[in-house]
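Here is a short tour of one protein chain, written for someone who likes to keep the structure open while reading. We will begin with the aromatic rings, then move through the cores, the strands and the charged pairs.

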Amino acid sequence: MMGGLFTFALFAMFVVLSLLIVVIGVDGYKGVVDTGDSTNELRTSLGYVMNKLHSKAAMDGAAIVEVGGIRTLALTEVNDEGVPVNFYIYHYEGALYETVLYEDMGYLDPEGDTRLTEVASFVMEQGENGLFRFTAVTEDGRTQTVHAAPGVQEGGVRR
């Protein structure tokens, strides 16, 4: 009788500890996934802006301007018909947006513009030498900063 009770207690303890290990493992995995998501938000937002800045659009004009009270990265490309096309990238209420306009409307429409990715903060600065500095911050406080010049590919080669 005593041997059966001991065996049952040992089995019950094994089951409880196994469940505890599973719960701890799931919590750890969730933390890793959340960190990965946060890192991807930073890379996505900064990578997209860098690629746009290195594209042909930036060759015809790149500047940080205010449109309707919103600070934007404005990239101008002259199309094959000689018409300027304006690309605006901006941060609004926790997300990065982009819009393309053929003429300056004087305002942006976050409801109708393309939502790129979520970031808590996105700071754009332009130095006197034309070098841009972009800083993205995620909801959990992760920060990353990059510097770029319009039309310059990796390695410093100008297009």
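Counting ring pairs in this predicted model gives four aromatic pairs. One of them joins Y90 and Y97: their ring centres lie 5.5 Å apart and their planes meet at 15°, so this pair is stacked. Both partners are hidden from solvent, as Y90 is buried and Y97 is buried too. Another of the pairs is F132 with F134, where the centres are 5.9 Å apart and the planes sit at 0°, so these rings are stacked as well. Here again, F132 is buried and so is F134. If you follow Y90 a little further, you will find that Y90, Y92 and Y97 make up one aromatic cluster.

**The nonpolar cores**

Which residues touch the most other members of the largest nonpolar core? In this set of 21 residues, they are V49, L53, L73, F122, F132 and F134. The stacked rings of F132 and F134 are thus a good place to start when you look at this core. Helix 1 (2-54) and strands 1, 2, 3, 6 (121-126), 7 (132-137) and 8 (143-148) each provide at least two of the core residues. Helix 1 gives the largest share, with five residues.

L73 offers a handy viewpoint on this packing. Setting aside neighbours within four places in sequence, L73 is in contact with V49, L53, A63, I64, F87, Y88, I89, M124, F132 and F134. There is also a second, separate core of nine residues, and its members include I70, Y88, Y90 and L108. Y90 therefore appears both in this second core and in the stacked pair with Y97, whose planes are at 15°.

**Strands and hairpins**

How are strand 1 and strand 2 joined? Strand 1 (residues 62-67) and strand 2 (residues 70-78) run antiparallel and are linked by six bridges. Within this pairing, A62 stands opposite L75 of strand 2. Two residues lie between the strands in this hairpin, and G68 takes a positive phi near 60° there.

Strand 2 also pairs with strand 3 (residues 84-92), again in the antiparallel sense, over seven bridges. T72 has Y90 of strand 3 as its bridge partner, which brings us back to the tyrosine of the aromatic cluster with Y92 and Y97. The hairpin of strand 2 and strand 3 has five residues between the strands, and G82 has a positive phi near 85° in it.

**Charged pairs**

Side chains of opposite charge can pair when their charged atoms come close. The structure holds four salt bridges, and the table lists some of them.

| Salt bridge | N to O distance |
|---|---|
| R115 and E118 | 3.7 Å |
| R133 and E125 | 3.3 Å |
| R142 and D140 | 3.8 Å |

Are R115 and E118 buried or exposed? Neither word quite fits: R115 is partly exposed, with a relative accessible area of 45%, and E118 counts as partly exposed at 44%. In the next pair, R133 is partly exposed with a relative accessible area of 38%, and E125 is likewise partly exposed at 35% relative accessibility. R142, the partner of D140, has a relative accessible area of 32% and is partly exposed.

Technical notes
Residues numbered from 1 in each chain as written. Predicted model: local features only at pLDDT ≥ 70, side-chain atom pairs only at ≥ 80, totals over all residues. Heavy atoms only, no water. Pairing = 2+ DSSP bridges. Helix = DSSP H or I, 4+ residues; strand = E, 2+ residues; numbered from the N terminus. Core = buried A, V, L, I, M, F, W, Y, C linked by side-chain atoms within 4.5 Å. Buried < 20%, exposed > 50% of the residue type's maximum accessible area, 1.4 Å probe, protein only. Contact = heavy atoms within 4.5 Å. Phe/Tyr/Trp six-rings, centres within 6.5 Å; stacked < 30°, edge-to-face > 60°. Salt bridge = Lys/Arg side-chain N within 4 Å of Asp/Glu carboxyl O.
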